Amino acid sequence: MGVKIFADSASDMPLSFFQENQVTLIPLRVYIDETEYEDLQTINPKQVFKEIRAGKMPKTSQPTPQVFQEVFTELAKSNQSGIYIAFSSALSGTYQTAVMVHEQVKEEYPNLDLTIIDTKCASVGFGLVVKSAAEMAANGASKEEIIDDIHFRSQHMEHLFTVEDLDYLAKGGRLSKASAFLGGLLNIKPLLHVEEGKLIPIEKIRGKKKLLKRILDVMEERGIDLEHQVVGISHGDDEESALEMKAMIQERFGTKDFYINIIGSAVGSHAGPGTLALFFLNAKK
């Protein structure tokens, strides 16, 4: 029996990925007009972006302890080894809840063999960590080998992104209001990254063309062996910009492998439509 992989929906992988790779999905929750939805299961990202464009402000919350209790108990009963790969603890309480429930389930089932890892990653940057772990598990890698890979990718995954309007992040509590002052101001676009799991603004750039070029400049400064790694791109219902960025990266760095997906309902509720994010490794294993 191989290692069982668990991941939450903030990894922004499509539902088909979880189904096809036997990865257990832990859905975050999204609320629109007091109605509760489960990310990827009862709501999809396009619905969320449509609601935001119509003036709604979705709210999100972490998975319930009951969800963790069910899947962790099932793992214990199966006598299988498991790894839960979690969304950044600096952006959600999901990791802390999983740790708490793990301790509770282990009291009843001392044989529970589960490792929980805080990736400090988000969106497709997080998804690329999960994708690699799932591939290793499918190929019969040991639990220790998979854990080493998760730690390496989590520690060396760069996140570069821009948003259409910083107010979404500020209202959702993911960014200080002081950092959100330039939202929608004179075509000035923010460039942000993730540091220790938190969203940090880097600089302000006027105009989309200059912004995309600057993102690639930072990618060149931080990335390594970009030609031979999988580069992730996620977008807030703006596939055209994602494909434009892909073409620019191909031309500049010769990158061949990309993973592109729409930002999920939970992350998208805070990032908003028009977000564009880029993920790559800054070290070679």
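**Exercise 1. Find the salt bridge between D217 and K213, and work out where its two partners sit.**

*Solution.* Start with the atoms: the closest N and O atoms of D217 and K213 are 3.3 Å apart, and the two residues form a salt bridge (a side-chain nitrogen of Lys or Arg within 4 Å of a carboxyl oxygen of Asp or Glu). A quick reminder of the idea: side chains of opposite charge can pair when their charged atoms come close.

Before going on, keep in mind that this is a predicted model, where local features need pLDDT of at least 70 and side-chain atom pairs count only at pLDDT 80 or more, while totals for chains, interfaces and linings use all residues. Residues are numbered from 1 along each chain as its sequence is written, and side-chain values use heavy atoms, with hydrogens and water left out.

Next, look at the backbone. Both D217 and K213 belong to helix α8 (residues 208-222), and they are four residues apart, about one turn of the helix. Helices here are DSSP runs of H or I with at least four residues, strands are runs of E with at least two, and both are numbered from the N terminus.

Now check the exposure. D217 has a relative accessible area of 18%, so it is buried, whereas K213 is partly exposed at 47%. The cut-offs are under 20% for buried, over 50% for exposed, and partly exposed in between, using a 1.4 Å probe and protein chains only.

Finally, widen the view: K213, D217, E220 and R252 are linked in a network of salt bridges.

**Exercise 2. Now take the pair E221 and R214: how far apart are their closest N and O atoms?**

*Solution.* The gap is 3.4 Å, and the two residues form a salt bridge. Then compare the partners with the cut-offs: E221 is exposed, with a relative accessible area of 57%, and R214 is partly exposed at 22%.

**Exercise 3. Which parts of the chain does the salt bridge of K143 and D113 link?**

*Solution.* First, the contact itself: the side chains of K143 and D113 meet in a salt bridge at 2.6 Å, N to O. K143 sits in helix α6 and D113 in strand β7 (residues 113-118); they are 30 residues apart, so the pair links distant parts of the chain. As for exposure, K143 is buried at 11% relative accessible area, while D113 is partly exposed at 31%. To round off the count, the structure holds 20 salt bridges.

**Exercise 4. Trace the open sheet of six strands and say which strands stand at its edges.**

*Solution.* Walk across the sheet in the order β10-β9-β8-β13-β11-β12; the pairing is mixed. Two strands pair if DSSP finds at least two bridges between them. The edges are β10 (198-206) and β12 (257-262): each has a single partner strand, so one side of each is left without a neighbour in the sheet. From one strand to the next, the twist averages 20 degrees.

Now zoom in on β8 (residues 157-162) and β13 (residues 276-281), which run antiparallel and are joined by six bridges. F161 has A277 in β13 as its bridge partner. Lying across β8 and β13 you'll find helix α6 (residues 143-156), which runs at about 40 degrees to β8. That angle is taken between N-to-C directions, from 0 to 180 degrees, with axes as lines fitted to C-alpha atoms, for helices over the stretch in contact (heavy atoms within 4.5 Å).

**Exercise 5. Follow strand β3 to its partners β4 and β5.**

*Solution.* Begin with β3 (residues 29-32) and β4 (residues 35-38): they run antiparallel, with four bridges between them. Y31 has E36 in β4 as its bridge partner. The hairpin of β3 and β4 has two residues between the strands, and there D33 takes a positive phi near 50 degrees.

Then turn to β5. β3 and β5 are also antiparallel, pairing over three bridges, and V30 stands opposite T60 in β5.

One last stop is M57, in the loop between α2 (45-53) and β5 (59-61). M57 is partly exposed, with a relative accessible area of 35%.
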